[in-house]
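Colleague: Could you walk me through reading pockets and packed helices in a model like this one? I would like the general idea before each case.

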Amino acid sequence: MKEKIFEIISAAIEELNEELEYEELENVTVDTPIFGGETGIDSLSLVSLVVEVEGNVNDAFDANVTLADEKAMSSRNSPYRNVGSFVDFIVAKLGDDA
Amino acid sequence: MPTMVITGTRKGIGRYLAEHYVAKGYKVVGCSRSPVDFELERYQHYELDVADEKAVGKMVRSVMREHGQIDILLNNAGIASMNHFLLTPLSTVERIFQTNFFGTFLFCREVGKAMAKKKYGRIVNFATVAAPLKLEGEAAYAASKAAVANLTQLIAKELAEFNITVNAVGPTPVATDLIRGVSDDKIDDLINTQSIKRMGEYRDISNVTDFLIQPESDFVTGQVIYLGGVS
């Protein structure tokens with residue numbers, strides 16, 4: 001499951017980066033920073049990314065999860081701070097949905 | 001033709017709007033807690049509680065799978081309850097906020113995500129003249145709709161970058177079940193506070209929604225348009 005989620009996030013980041021062209025978003029790994037640190041994307045790009053990933057996760061797992069989170073905009077605790085934390089966040093959400 | 005989602009289509013203004021836009025050729029997807037007793041061409045119905053987060057997400061995803069897009073959202077579903085503030089149970093306030101505010105919030109969020117992906121959308125929420133008129137006996141209802149008006153103006157800013165406009169229409173009393181329990185005297189008093197002193201009609205509402213949802217209205221957002229000259 002984690003691999004599939006990683007693939008979905010990775011593909012969405014690659015698509016987003018076709019516009020952004022950020023060097024740190026090339027060759028996505030679990031450590032790739034997404035939001036809140038020195039590097040990473042702005043809040044508008046984050047919203048687009050999360051919306052894209054949410055739709056694809058729901059399609060892939062025939063699920064009904066909403067990737068909304070109180071800490072979304074927190075630089076320290078955001079589940080979107082890097083690819084690894086985003087994967088874990090989705091795994092937990094899918095667990096709640098099951 | 002554009003695809004439109006309208007909440008609360010079982011009766012009253014919602015049903016009228018479903019018929020109005022089906023007649024104009026739109027594909028209309030409606031919803032209500034219980035089934036509808038009408039059938040329309042190009043109309044599809046979902047049974048759900050608009051305050052049920054899971055159900056709303058599921059419906060929007062299902063509409064997207066079938067139609068590929070949602071161009072327009074009319075957040076019509078609403079309930080009211082008339083009572084003196086000092087005699088209003090908290091459970092009534094919760095029920096009113098659930099449908100009027102949480103329901104509007106959830107549909108704006110879920111349909112907003114679908115619209116953001118397509119970089120196009122028109123959202124019209126439903127306010128009421130009871131809020132600006134500070135109508136006595138309508139504390140819970142007016143407060144829930146004041147929250148809707150503020151949500152409308154605020155998310156209009158956040159969604160502008162996605163080419164989504166968010167506006168609201170604020171009807172005066174219209175002869176529907178919503179005001180069934182309100183006395184004629186009370187309605188007359190209310191109508192006398194309007195600049196134009198008559199009951200609202202269904203067409204008054206669709207006249208405003210027609211304008212707000214047209215593609216040419218892409219420079220109109222964050223507006224709450226009250227009917228009857230109330231401001």
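Modeller: Happily, and let us start with the residue classes: Ala, Val, Leu, Ile, Met, Phe, Trp, Tyr, Cys and Pro count as nonpolar, Asp, Glu, Lys and Arg as charged, and the others, Gly among them, as polar. With those classes, the lining of the second largest pocket has 18 nonpolar, four polar and six charged residues. Please keep in mind that this is a predicted model.

Colleague: How is such empty space found, and what volume does the second largest pocket have?

Modeller: Rolling a probe the size of a water molecule over the atoms shows where empty space is left. Here, the second largest pocket comes to about 830 Å³. Its lining counts 28 residues, and those nearest the centre are A:Val47, B:Arg109, B:Lys113, B:Glu158 and B:Leu159.

Colleague: Which elements give two or more residues to that lining?

Modeller: Helix H2 (43–60) of chain A does, together with H3 and H4 of chain B. The most comes from H2(A), with seven residues.

Colleague: And what is the volume of the largest pocket?

Modeller: The largest pocket has about 1,000 Å³. It is lined by 44 residues, and B:Gly78, B:Ile79, B:Ala80, B:Thr176 and B:Leu178 are the closest to its centre. The elements of chain B that supply two or more lining residues are helix H1 (12–23), strand E2 (27–32), helix H3 (90–118), helix H4 (139–159) and helix H5 (184–193). By class, this lining splits into 22 nonpolar, 13 polar and nine charged residues.

Colleague: Now the helices. How do I read a packed pair?

Modeller: Two packed helices are described by the angle between their axes and the distance between the axes. For H3(B) and H4(B), the angle is about 15 degrees and the axes are 9 Å apart. Angles under 35 degrees count as roughly parallel, so H3(B) is roughly parallel to H4(B). The crossing of H3(B) and H4(B) is right-handed.

Colleague: Which residues of H3(B) and H4(B) meet?

Modeller: On the H3(B) side they include B:Val93, B:Ile96, B:Phe97 and B:Phe101, and on the H4(B) side B:Ala140, B:Val148, B:Leu151 and B:Ile155 are among them. Sorted by class, the contact has 13 nonpolar, three polar and one charged residue.

Colleague: At what angle do H1 (residues 2–20) and H2 of chain A pack?

Modeller: H1(A) and H2(A) pack at about 145 degrees, with axes 10 Å apart. Their crossing is right-handed. Among the residues in contact are A:Ile8, A:Ala12 and A:Leu16 of H1(A), and A:Leu49, A:Val53 and A:Val57 of H2(A). The classes there are 10 nonpolar, two polar and three charged.

Colleague: Last one: how are H2(A) and H3(B) oriented to each other?

Modeller: Their axes come within 10 Å and cross at roughly 105 degrees. The range 65 to 115 degrees counts as roughly perpendicular, and H2(A) and H3(B) are therefore roughly perpendicular to each other. In this pair, A:Val51, A:Glu52, A:Glu54 and A:Gly55 of H2(A) meet B:Glu110, B:Lys113 and B:Lys117 of H3(B). That contact has one nonpolar, one polar and five charged residues.

Note on methods. Residues numbered from 1 in each chain as written. Chains lettered and ligands numbered in written order. Predicted model: local features only at pLDDT ≥ 70, side-chain atom pairs only at ≥ 80, totals over all residues. Heavy atoms only, no water. 1 Å grid on protein atoms, 1.4 Å probe; cavity = no way out; pocket = protein on both sides within 12 Å on 5 of 7 lines; lining within 4 Å. Points joined across faces, edges and corners; volume = space filled by probe spheres on them. Helix = DSSP H or I, 4+ residues; strand = E, 2+ residues; numbered from the N terminus. Axes fitted to C-alpha atoms, helices over the stretch in contact; angles between N-to-C directions. Parallel < 35°, antiparallel > 145°, perpendicular 65-115°, else oblique. Left-handed = near helix turned anticlockwise from the far one by under 90°. Contact = heavy atoms within 4.5 Å.
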